[in-house]
Amino acid sequence: QKDFPDGPAKEYIAQICLQCHPSAMLLSQHRTEADWKTTVARMATKGVAGTPEQFDAIAVYMAKNFGKKEDASKLDMNKASVDELVSVSGLTPDEAKALSAGREKDGEFREWGDMLVIYGVDGAKIAAAKDKMSF
């Protein structure tokens with residue numbers, strides 16, 4: 001818990017998040033506040049005990065202290081259009097459409113490996129372009 005800065009929700013991290021997740025995993029997750037809200041909402045649906053106020057406080061705390069740092073040189077694979085996917089990743093238009101459809105169906109990608117299971121997308125192209133991607 002020493003790795004987490006003092007703040008209004010630090011105690012909730014210990015009470016709620018660290019019961020299931022190692023601190024290193026939490027510290028490596030850099031997300032926006034909206035992304036953290038989605039994450040804690042998903043945890044709440046899985047039966048994790050906590051109040052809506054505690055979950056909101058966790059999302060704000062994590063975004064403030066461990067927020068997503070945008071890298072303009074990388075393509076956000078969760079927001080990219082089909083045309084952007086083609087131009088940056090080297091995918092064909094059909095592969096980019098399949099990737100976009102998979103994202104819509106199954107939700108946002110958390111890492112490049114999540115895209116390897118999308119039918120109709122060449123995994124070798126995804127692996128080759130992984131350094132150009134953000135999530």
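Start by selecting α2 (23-28), α3 and α4 (52-66), since each of these helices supplies at least two residues of the lining of the second largest pocket in what is, throughout this tour, a predicted model. With the three elements highlighted, keep α3 in a colour of its own, for it provides the largest share of that lining, namely 5 residues.

Next, pick out His21, Met25, Leu26, Thr39 and Met43, which are the closest to the centre of the second largest pocket among the 19 residues that line it. The space in this second largest pocket comes to about 250 Å³. If you now colour its lining by residue class, you should find 12 nonpolar, 3 polar and 4 charged residues.

Leave α3 (33-45) selected and move on to the largest pocket, where α3 and β2 (133-134) are the elements that give two or more residues to the lining. Which element gives the most to the lining of the largest pocket? It is α3, with 4 residues, and α3 also gives the largest share of the lining of the second largest pocket, which makes this helix a useful landmark for both stops.

To find the middle of the largest pocket, select His30, Arg31, Phe109, Arg110 and Phe135, which lie nearest its centre out of the 25 residues that line it. About 670 Å³ of space lies in this pocket. Colouring by class once more, you will see that the lining of the largest pocket divides into 3 nonpolar, 8 polar and 14 charged residues, while the lining of the second largest pocket has 12 nonpolar residues, together with 3 polar and 4 charged ones.

Now clear the selections and show the whole protein chain as a cartoon, in which 7 helices and 2 strands can be traced. Following the chain from the N terminus, you will pass its elements in the order α-α-α-α-β-α-α-α-β. Turn the model along its principal axes, and the C-alpha atoms will be seen to fill a box of roughly 50 × 30 × 20 Å.

Finally, switch on the molecular surface, of which the protein chain exposes about 8000 Å², with carbon and sulfur atoms supplying 54% of that area. Beneath this surface, 36% of the 135 residues of the chain count as buried. As a last step, display the contacts between residues at least 6 apart in sequence, and note that 57% of them join residues at least 24 apart.

Key:
Residues are numbered from 1 along each chain as its sequence is written. This is a predicted model: local features need pLDDT of at least 70, side-chain atom pairs count only at pLDDT 80 or more; totals for chains, interfaces and linings use all residues. Side-chain values use heavy atoms; hydrogens and water are left out. On a 1 Å grid over the protein atoms alone, a cavity is a set of points where a 1.4 Å probe fits but cannot get out, and a pocket is an open set with protein on both sides within 12 Å along at least five of seven lines; lining residues have an atom within 4 Å of a point. Grid points are joined across faces, edges and corners, and a volume is the space filled by probe spheres set on the points. Ala, Val, Leu, Ile, Met, Phe, Trp, Tyr, Cys and Pro count as nonpolar, Asp, Glu, Lys and Arg as charged, and the others, Gly among them, as polar. Buried means under 20% relative accessible area, exposed over 50%, partly exposed in between (1.4 Å probe, protein chains only). Contact means heavy atoms within 4.5 Å. Accessible areas come from the Shrake-Rupley method with a 1.4 Å probe; for residues, only the protein chains shown count as cover.
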